[in-house]
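Welcome to a short set of exercises on empty spaces and surface patches. Keep the sequence and the 3D view open while you work.

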Amino acid sequence: MKEKLTKEAEAQQQELLTKYDKESNFRNFTGILKWIIKGGAISFSCFQLYTAIFGTLASQLQRSVHLTFALALIFLLYPLTKNAKKNQLPIYDGILSVISIVVGLYWTFEYSNLVQRAGMYNSIDLVIGGLAILLVLEAARRVVGLPIVIIAVTFLLYSLYGSYMPGFLEHRGVSLERLISHMYFTLDGILGTPLAVSATFIFLFLLFGAFLVKTGVGQYFNDLALLIAGKQVGGPAKVAVFSSALQGTISGSSVANVVTSGSFTIPMMKKTGYSKEFAGGVEAAASTGGQLMPPIMGAAAFLMAEFTGISYWQIAKAAAVPAILYFTGIWIMVHLEAKRIGLRGLTNEEIPNKKDVLKKLYLLLPIFVIIGLLMTGSSPIKAALFGILSVIIVGAIRKETRLSIKDIFEALENGARTALGVAAATACAGMIVGVVTLTGLGLKFANGLIDLSNGILLLTLFFTMVASIILGMGSPTTANYIITSTMAAPAIILLLTDSGATEITTSILLSAHMFAFYFGIVADITPPVALAAFAACGISRGKPIKTGFEASKLAIAAFLIPYIFVLSPDLFLIDTTFVKGTIVIMTSLIGMIAIGSAVTGYLLRHMSVIERLIGGIGGLLLIYPDGHTDLIGAGLIALVAVLQILKFKKDRDIQNVTSLS
């Protein structure tokens, strides 16, 4: 019976992933095709491991081979249309897969010739380059979605017909030959920095996640969360928050995180009394935040390290306080919502055995191995490699977590499959970056954005936020971040340097890029297209738009904090003393509690509109890292606390009188 239920749950998860996550809408083959796919995916992982251990190839070769594997597998795995048969391979997809191999390996066999005649390309080169552009666009459409393809095609057309554009967008235009050669035969287009990060750091961390999953760590995260938070008021919702933050270390997709954790947590939340929409909103908000939580953040964080030249570990450290505030906000709101409607925690029978859970704490060791290596200055590649090795070693401690040869091969296959969406997105986004470098659009757009906002920083930030959320409606976080960091981040940096900074500091770079990163992620829970929230609805059976609004409300910190760290980057704890850092953390946490109560409308008792307004303003002032705002914010929150205590005492006195009578 239990096995039947497990299979039904897995079928539901796959159905939801197929519906809301393009990367999960793949074919399932039997026979020879199944083994071809397995062999190709395992070979892909082995190539990445080999180059990580013995040294990466020349940039063009490393990236083109990575792209070859990705394109060939995408055309074999992903059908032309969503409703196409999933157990057959049409002849045209087999042909596209072969063409992908030819196009990709052209760099390998012609490497010396292409380098020697750089800038002088023959007709065969241009045909190969043209095919590469078309293949990447079609692969991205299948595995990522149509919106990013529309954006990429728009940029390509802009490069060709720039002379017809109005105002600051005008440029003299480029020839088709130059566009093709720039896109595929330089390191500024398809084979640019985004794909470089996919071909090194990102792939290895996705592979690490695939190995970690094989040890059963996903279920362990749920058990650990149940043990820590299950008995508390509103326990199931807190379990969702805690387990989803942990799941973010092994899943780079908000939707996948929702489906994996939500199939376990959402039914529990509904059972204890949370509404369908609130339960779905909690899971969607918490799962989306998994990409914000160090030490292993979303794939875009690795791109940020490459784009800014700031080490990944420094980015992870800077992201720690904002991420803690994000999850604190959700935790507080689910707690206060539970208090407001009188919900209980879970019973002892519903909590896993403490000894059994603590016996498996060793499963978390690989994550600490990665943290330790990054802290000591090791490269992300080395950290990921030793992380994978530690998973195999740690898993061998107990029989039930030990990885068999079959498990290892399945992890290699699953890691490669997971990387396909990232490879397609980064290759496609690379073309957008290529157009920006070819036409000088980045600087033009930054200046245009500044003109549109009249040089007002807050307006520039607002326009960037709107652009990120709109892009995020159909593009993955990686592509969204690449576009906004290329187009809008320079405008933010320009305004920050004009406002008094003498040079572009680490804080300024982080502020601008982290702003784009945050809003690219929260797009997954922002209506009208909130894919993570919609996936949660598939489990909760709630209303999609209402669930999206609940998720956005719970994730209020993600909409506020980016503005604050741009205006005052002390939240990153860069170049700050221990005392000042402690004050920033404490005041921010208290501020987040105040904002959570203001949004929920409950602290010790139901809050009036005036109390909510005062508490919300006080919370914002406390989060903003400044001594003067901290004092004002503390005063406002103290006023609300006093009013709530008086209400609490009054209600208690009334209850005492009623009980006596």
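Before we start, one definition: Ala, Val, Leu, Ile, Met, Phe, Trp, Tyr, Cys and Pro count as nonpolar, Asp, Glu, Lys and Arg as charged, and the others, Gly among them, as polar. This is a predicted model, where local features need pLDDT of at least 70, side-chain atom pairs count only at pLDDT 80 or more, and totals for chains, interfaces and linings use all residues. Residues are numbered from 1 along each chain as its sequence is written, and side-chain values use heavy atoms, with hydrogens and water left out.

**Exercise 1.** Find which residues line the largest cavity, and sort them by class.

*Solution.*
- Step 1: learn the term. On a 1 Å grid over the protein atoms alone, a cavity is a set of points where a 1.4 Å probe fits but cannot get out; lining residues have an atom within 4 Å of a point.
- Step 2: list the lining, which is F278, M333, E337, K553, L554, V599 and T600.
- Step 3: sort these residues into four nonpolar, one polar and two charged.
- Step 4: add the volume, about 40 Å³, where a volume is the space filled by probe spheres set on the points, and grid points are joined across faces, edges and corners.

**Exercise 2.** Repeat the task for the second largest cavity.

*Solution.*
- Step 1: its volume is about 30 Å³.
- Step 2: the lining consists of L212, T215, L363, P366, V391, V394 and G395.
- Step 3: by class, there are five nonpolar, two polar and no charged residues.
- Step 4: helix α18 (residues 380–395) gives the most to this lining, with three residues; helices here are DSSP runs (H or I, at least four residues), numbered from the N terminus.

**Exercise 3.** Describe the second largest pocket and say which helix gives the most to its lining.

*Solution.*
- Step 1: a pocket is an open set of points with protein on both sides within 12 Å along at least five of seven lines.
- Step 2: this pocket holds about 410 Å³ of space.
- Step 3: 20 residues line the pocket, and F155, F445, L471, I483 and M487 are the closest to its centre.
- Step 4: α21 gives the most, with six residues.
- Step 5: the lining has 17 nonpolar, three polar and no charged residues.

**Exercise 4.** Is V466, found in helix α21, buried, partly exposed or exposed?

*Solution.*
- Step 1: buried means under 20% relative accessible area, exposed over 50%, and partly exposed in between (1.4 Å probe, protein chains only).
- Step 2: V466 has a relative accessible area of 30%, so V466 is partly exposed.

Key:
Helix = DSSP H or I, 4+ residues; strand = E, 2+ residues; numbered from the N terminus.
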